[in-house]
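Subject: Structure for your attention

Dear colleague,

Please find below the structure that I am handing over to you. My findings follow it, and I would be grateful if you read them with the structure open.

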Amino acid sequence: MAALGVCAGITPFNFPAMIPLWMFPMAIATGNTFILKPSEQDPMVTMRLVELAVEAGVPEGVLNVVHGGKATVDAICDHPDIKAVSFVGSTNVGKHVYERASQSGKRAQCMMGAKNHGVILPDANKEQTLNQLAGAAFGAAGQRCMALSVVVLVGAAGEWIDDIKAKAEGLIVSAGKHDKDLGPLISPAAKARVEHLIGTGVEEGASLILDGRGIMVEGYEKGNFVGPTIFDNVTADMQIYKEEIFGPVLCIMRANSLDEAIELLNANPHGNGTAIFTQSGAAAHKFQQDIQVGQIGINLPIPVPLPMFSFSGSRASKLGDLGPYGKQAVQFYTQTKTVTARWFDDEASRGVNTTISI
């Protein structure tokens with residue numbers, strides 16, 4: 001295995017420390033130098049992370065940071081010295097990065113948008129499931145590609161609606177100084193988009209059983225806050241189901257059987273992650289075998305990558321055959337070399353002293 005040379009990473013706003021750590025440590029450990037472009041919406045966390053890396057001993061010039069928007073992204077994609085680009089972010093930008101970088105002859109991996117489903121069977125441990133669902137659906141104010149933004153209630157689990165609503169109503173929206181269940185969205189534009197999508201859900205006939213619009217946080221009256229929001233009776237043709245909302249909005253759907261739930265999930269174009277909550281090992285095994293999604297949780301929300309496994313989203317959520325982090329990242333940041341050699345029987349190989357000048 002040989003290093004590629006110069007590699008680059010383009011990261012989103014929502015996890016400005018974690019996602020860069022999927023990239024540059026792996027690239028540097030495999031012998032490459034790295035150029036990191038953090039989100040222009042919150043670059044300071046990433047800058048501090050890079051400062052700590054330099055303090056820890058990363059040599060000068062090995063880890064570099066550039067800032068900017070589309071022009072900077074395009075420069076990374078076009079520059080002939082950059083051999084590989086790793087991206088995490090929205091689908092539209094990811095498609096652009098993959099196409100432009102690939103056209104420039106670069107290796108590219110792009111982790112993009114999602115619509116992650118959690119399937120709840122009637123035999124699931126209710127309290128444990130509800131607690132995990134609240135965090136997975138509304139944590140980080142829903143601003144993550146691994147958010148569990150759709151719940152499919154199977155059979156008698158459809159009676160859990162009031163419990164799901166009560167759990168969400170107990171979450172506290174704040175600026176994060178003290179209580180911190182939900183913080184603000186990243187920008188006024190993000191808030192406006194989320195509230196617009198909530199409005200389309202109402203217009204298209206979904207049942208809005210919890211409305212997080214118009215919430216006020218004392219001392220931050222102009223903040224970008226949206227509270228937990230829940231729609232029931234969501235159908236696959238609604239905009240709130242088809243689009244990644246990237247806000248604290250949970251869509252609830254129904255299925256009569258596990259087979260029907262699996263069919264529903266597999267019909268969705270995205271394949272980032274999914275989860276099932278059940279006490280049945282047979283049901284869990286069937287789910288993990290039949291579902292066409294790259295990351296699966298059983299009685300826990302969707303896992304994020306750890307050093308022992310990569311980010312394995314699939315279908316419309318991913319471009320490129322290798323994911324960041326884990327063993328796949330080692331393959332992404334290195335090039336396999338095949339060396340075929342033949343040695344001749346000469347004086348040197350018979351032990352005769354020779355002098356070789358290099």
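The accessible surface of the chain comes to about 17,100 Å², and carbon and sulfur atoms account for 54% of that surface. Please bear in mind that this is a predicted model. Of the 358 residues in the chain, 48% count as buried. The C-alpha atoms fill a box of roughly 90 × 50 × 35 Å along the principal axes. The chain has 11 helices and 17 strands. Among contacts between residues at least 6 apart in sequence, 69% join residues at least 24 apart.

I turn next to one sheet. It is open and has 7 strands, in the order E9-E10-E11-E8-E7-E13-E14, with mixed pairing. Strand E9 (207-210) and strand E14 (296-298) each have a single partner strand, so one side of each has no neighbour in the sheet. From one strand to the next, the twist averages 20°. Within this sheet, strands E10 (residues 229-232) and E11 (residues 249-255) run parallel and are joined by 3 bridges. Phe 231 has Cys 251 in E11 as its bridge partner.

Two helices should be viewed together with the sheet. Helix H9 (residues 258-267) packs on the sheet and touches strands E7 (117-120), E8 (150-154), E11 and E13 (274-277); the direction of H9 makes about 160° with that of E8. Helix H10 (residues 281-290) lies across E7, E13 and E14, and runs at about 165° to E13.

Which residues touch the most other members of the largest nonpolar core? They are Val 119, Val 152, Val 234, Ile 240, Leu 258 and Phe 287, out of 33 residues in that core. At least two residues of this core come from each of E8, helix H7 (188-203), helix H8 (239-242), E11, H9 and H10. H9 gives the most, with 5 residues. Leaving aside residues up to four places away in sequence, Val 234 touches Ala 206, Ile 240, Tyr 241, Cys 251, Ile 252 and Met 253. A second, separate core has 28 residues, including Leu 153, Ala 157, Ala 168 and Leu 210. In soluble globular proteins, nonpolar side chains tend to be buried together.

Finally, please look at helix H3 (residues 70-78), in which Thr 72, Val 73, Asp 74, Ile 76 and Cys 77 are buried. The cover over these buried residues includes strand E2 (6-10), strand E3 (33-37), strand E5 (82-88) and helix H4 (91-103).

Yours sincerely,
A colleague

How values were computed
Residues are numbered from 1 along each chain as its sequence is written. This is a predicted model: local features need pLDDT of at least 70, side-chain atom pairs count only at pLDDT 80 or more; totals for chains, interfaces and linings use all residues. Side-chain values use heavy atoms; hydrogens and water are left out. Two strands pair if DSSP finds at least two bridges between them. Helices (H or I, at least four residues) and strands (E, at least two) are DSSP runs, numbered from the N terminus. Axes are lines fitted to C-alpha atoms, for helices over the stretch in contact, and angles run from 0 to 180 degrees between N-to-C directions. Contact means heavy atoms within 4.5 Å. A nonpolar core is a set of buried Ala, Val, Leu, Ile, Met, Phe, Trp, Tyr and Cys residues joined through side-chain atoms within 4.5 Å. Buried means under 20% relative accessible area, exposed over 50%, partly exposed in between (1.4 Å probe, protein chains only). Accessible areas come from the Shrake-Rupley method with a 1.4 Å probe; for residues, only the protein chains shown count as cover.
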